[in-house]
Amino acid sequence: MKPSASDSDRRRGTAHQRGYTSAWKKARDGHLRSNPLCEDHKKRGDLVPATVVDHIEPPKIMDAVESGDPERIAAARALFWNRKNWQSLCKLCHDSMKQRFEKTGRVPGCSVDGLPLDPRHPWNQKQGGRGG
């Protein structure tokens, strides 16, 4: 039986439980002031204001808490606060492309030069023996 949305929401935890506190809001606001443009749009040559600070690698704090492993919890919290793991995105990119990537593992779209953004796309792979 598939878990209901409320079961998923319960396991996911509240925003506060996942680390989105007033300290996060302050850090987020500072990041957006320093990095005001959507990273995904910049890759495509567009300048669009960012409104979301995204974790490039999801920290999955609630999964760590559920495990009960103190080292895993500490690692998840460290990843949450690691500014090198943050990127500025517009809401559209965060809610569509980023979510799609997390579900499928594929990066949609092309750069300004027409190459796929997904590093695993065959066009972005070195061709063995063909000088690529």
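**View 1. Lys 25, Arg 28 and Asp 29 are linked in a network of salt bridges.** A salt bridge here is a side-chain nitrogen of Lys or Arg within 4 Å of a carboxyl oxygen of Asp or Glu, and by this rule the count comes to five. The model is predicted, so local features are given where pLDDT is at least 70 and side-chain atom pairs count only at pLDDT 80 or more, whereas totals for chains, interfaces and linings use all residues. Residues are numbered from 1 along each chain as its sequence is written, and side-chain values use heavy atoms, with hydrogens and water left out. Within the network, the side chains of Asp 29 and Lys 25 meet at 3.1 Å, N to O. Both residues lie in helix H2 (residues 22-34), four residues apart, which is about one turn of the helix; helices (H or I, at least four residues) and strands (E, at least two) are DSSP runs, numbered from the N terminus. Asp 29 has a relative accessible area of 23% and is partly exposed, and Lys 25, at 49%, is also partly exposed. For these terms, buried means under 20% relative accessible area, exposed over 50%, and partly exposed in between, with a 1.4 Å probe and protein chains only.

**View 2. A salt bridge in helix H3 joins Lys 43 and Asp 40.** The closest N and O atoms of Lys 43 and Asp 40 are 3.8 Å apart. Because the two residues stand three residues apart in helix H3 (residues 39-43), Lys 43 and Asp 40 are separated by about one helical turn. Lys 43 is partly exposed, at 45% relative accessibility, whereas Asp 40 is buried, with a relative accessible area of 13%.

**View 3. Lys 91, in helix H6, meets Asp 95 in a salt bridge.** The N to O distance in this salt bridge is 2.5 Å, and a polar contact of 2.5 Å also joins the two side chains. A polar contact is a pair of N or O atoms within 3.5 Å; within protein, one must be able to donate a hydrogen and the other to accept it, and residues adjacent in sequence count only if both atoms are side-chain atoms. Asp 95 and Lys 91 are separated by about one helical turn because they are four residues apart in helix H6 (residues 91-104). Lys 91 counts as exposed, at 52% relative accessibility, while Asp 95 is partly exposed, with a relative accessible area of 40%. When residues up to four places away in sequence are not counted, Lys 91 touches Thr 51 and Val 52, contact meaning heavy atoms within 4.5 Å. The C-alpha atoms of Lys 91 and Ala 50 are separated by 7.3 Å, although the two residues are 41 residues apart along the chain.

**View 4. Strands S1 and S2 run antiparallel.** Four bridges join S1 to strand S2 (residues 86-89), and two strands pair if DSSP finds at least two bridges between them. The bridge partner of Asp 54 in S2 is Gln 87. Along S1 (residues 52-55), Val 52 and Asp 54 point one way and Val 53 and His 55 the other way, and all are buried.

**View 5. Tyr 20 and Phe 80 form an edge-to-face aromatic pair.** Rings of Phe, Tyr and Trp (its six-membered ring) pair if their centres lie within 6.5 Å; planes under 30 degrees apart count as stacked, over 60 as edge-to-face and the rest as tilted. By this rule the count comes to seven aromatic pairs. The pair of Tyr 20 and Phe 80 has its rings 5.1 Å apart, centre to centre, with 70° between the planes. Tyr 20 lies in the loop between helix H1 (5-12) and H2 and Phe 80 in helix H5 (residues 70-81), so the pair ties together parts that are 60 residues apart in sequence. Tyr 20 is partly exposed, with a relative accessible area of 32%, whereas Phe 80 is buried, at 1% relative accessibility. Ring pairs link Tyr 20, Trp 24, Phe 80, Trp 81 and Trp 86 into a cluster.

**View 6. Cys 38 and Cys 93 are shown in a structure that holds zero disulfides.** A disulfide is a covalent bond between the sulfur atoms of two cysteines, recognised here as a pair of cysteine sulfur atoms within 2.5 Å. The sulfur of Cys 38 has its closest cysteine sulfur in Cys 93, and the distance of 3.7 Å is too far for a bond. Cys 93 is in no disulfide, and the nearest cysteine sulfur to its own, that of Cys 90, is 3.6 Å away. Cys 38 is buried, at 0% relative accessibility, and Cys 93 is buried, at 1%.
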